[in-house]
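Opening the notebook on a new model today. I want to go through the ligand site, a couple of helix pairs and some backbone oddities.

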Amino acid sequence: ADIASLGDLRGKRVLVRSDLNVPLDGTTITDDGRIRASVPTISELSGAGARVVVCAHLGRPKGAPEERYSLRPVVGRLSELLGRDVVFATDTVGESAQAAVAGMADGDVVLLENLRFNAGETAKTDEDRAEFADALAGLADAYVSDGFGVVHRKQASVYDVATRLPSAMGGLVRAEVEVLRRLTEDPERPYAVVLGGAKVADKLAVIDNLMGTADRLLIGGGMLFTFLAAQGHEIGKSLFDADSVDACRGYLERAEREGVEIVLPVDVVVGKEFSADTETAVVDADSIPADAMGLDIGPRSAALYAEKVADARTVFWNGPMGAFEMAPFAAGTKALAQALVDATSAGALTVVGGGDSAAAVRQLGFTDDQFGHISTGGGASLEYLEGKELPGIAILTKGTN
Ligand code: 3PG
């Protein structure tokens, strides 16, 4: 159900789960994409006269308050973007939260402190989350789920509160799901998927599922070296996951059998050390020196990947192509982003998945409107593409309310 199903909101206390998990440098927000994406739903509720209680997490504190994970640095930016002052509660369901909610007028917005300061938020069992879920639900008359980046988490504020209050799906979650559905149900072809990032183990399930839907899989980032090793190449000091090498070999064989194209780099940029001022060289992908590590795809590979994206009608991209935060290893990621921008202009549906990938393209100077869709969810969008049931979506659509 959407927000309209909650009826007249004037004077109602509405708990909104947003994903405000933004990257911070100390207390400075380095990418505010998730805050901007959260604003329309909060504005809509406030504009309808609701008393909006926003809840969210930041990082992964271990169930107790830790200053460096406080959501306080987010309040200013959220207020600015909403165009109204947001009141910050210094706890989640304690005295400060209760007083802040009791003092609200219609249209007011309160932000609760990091939900993960309470162990009940992320506890494994329904019983262990119950007390915290009850307390959160006790702060409100209705619930709106709008944190797409966390819908794959079975956590108190994402899942359990929806069993305790009349609940609705916010516009951000709805929009994200609509785009991802277009990728899984009958995507326009050719459909190219670009996967990067460091950890190949995190991507195995999604590769498995995509073998059935995508026409081309382009592999970059630290994960590519386990694929090169699976082909029998020397990878020097590059990232390598011994436990995944058999799976990678299996995918390469299956791709051959099933006519799916798996594209690996033909050249890589190597360094002696993982550092911005290390000595670099471009080498063929099958001849990485024993004392060097691969830190980006090379220029010939970047051109090849751009070509594979250029005539695609649907493109999904998750994960940087190299260690883009260091200038000597940013070219591959930049070339890929440019290829998606060009494909967007040529009419393809392009989707950038994940908080980190989104932050990467913005850091490299691209803007959101150059892409078809920038998803706020990394893990969530991958799990959706894996075909997994996402608890935060399932609970809203099961009709329990
Ligand atoms: C994310 O950053 O992908 C979301 O905010 C979820 O965070 P989590 O992986 O710590 O649950």
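My entries on this predicted model follow.

**Ligand site**

I started with the ligand and asked which residues surround it. The list I got is Asp-19, Asn-21, Arg-34, His-57, Arg-60, Arg-116, Gly-149, Val-150 and Arg-153. Sorting that shell by type, I have 5 charged residues, 3 polar ones and 1 nonpolar.

Next I looked up polar distances from side chains to ligand oxygens. For Arg-60, an N or O atom of the side chain sits 2.6 Å from an oxygen of the ligand. Arg-116 puts a polar side-chain atom 2.8 Å from a ligand oxygen. With Arg-34 I read 3.1 Å between a polar side-chain atom and an oxygen atom of the ligand. How much of the ligand does the protein bury? On its own the ligand exposes 310 Å², and 85% of that is buried by the protein.

**Helix 1 and helix 2**

I then checked how helix 1 (residues 33-47) sits against helix 2 (residues 72-82). Their axes come within 10 Å and the crossing angle is roughly 55 degrees. That angle is why I noted helix 1 as oblique to helix 2. As for handedness, helix 1 passes helix 2 in a right-handed crossing.

**Helix 9 and helix 10**

Second pair: helix 9 covers residues 299-310 and helix 10 covers residues 331-345. Here the axes come within 9 Å and cross at roughly 20 degrees. Are they roughly parallel or roughly antiparallel? Angles under 35 degrees count as roughly parallel, so helix 9 and helix 10 go down as roughly parallel to each other. I logged this crossing of helix 9 and helix 10 as right-handed.

**Backbone oddities**

Last stop was the loop between helix 5 (171-184) and strand 9 (191-195), where I found Pro-190. The peptide bond leading from Arg-189 into Pro-190 is cis, and its omega is near 0 degrees. Asp-186 also belongs to the loop between helix 5 and strand 9. I wrote down its phi as near 55 degrees, a positive value in a residue other than glycine. So my notes for this loop hold two entries: the cis bond from Arg-189 to Pro-190 and the positive phi of Asp-186.

Definitions and conventions
Residues are numbered from 1 along each chain as its sequence is written. This is a predicted model: local features need pLDDT of at least 70, side-chain atom pairs count only at pLDDT 80 or more; totals for chains, interfaces and linings use all residues. Side-chain values use heavy atoms; hydrogens and water are left out. A residue is near a molecule or strand if one of its heavy atoms lies within 4 Å of it. A polar contact is a pair of N or O atoms within 3.5 Å; within protein, one must be able to donate a hydrogen and the other to accept it, and residues adjacent in sequence count only if both atoms are side-chain atoms. Accessible areas come from the Shrake-Rupley method with a 1.4 Å probe; for residues, only the protein chains shown count as cover. Ala, Val, Leu, Ile, Met, Phe, Trp, Tyr, Cys and Pro count as nonpolar, Asp, Glu, Lys and Arg as charged, and the others, Gly among them, as polar. Axes are lines fitted to C-alpha atoms, for helices over the stretch in contact, and angles run from 0 to 180 degrees between N-to-C directions. Helices (H or I, at least four residues) and strands (E, at least two) are DSSP runs, numbered from the N terminus. Angles under 35 degrees count as roughly parallel, over 145 as roughly antiparallel, 65 to 115 as roughly perpendicular and the rest as oblique. A crossing is left-handed if the near helix is turned anticlockwise from the far one by less than a right angle, and right-handed if clockwise.
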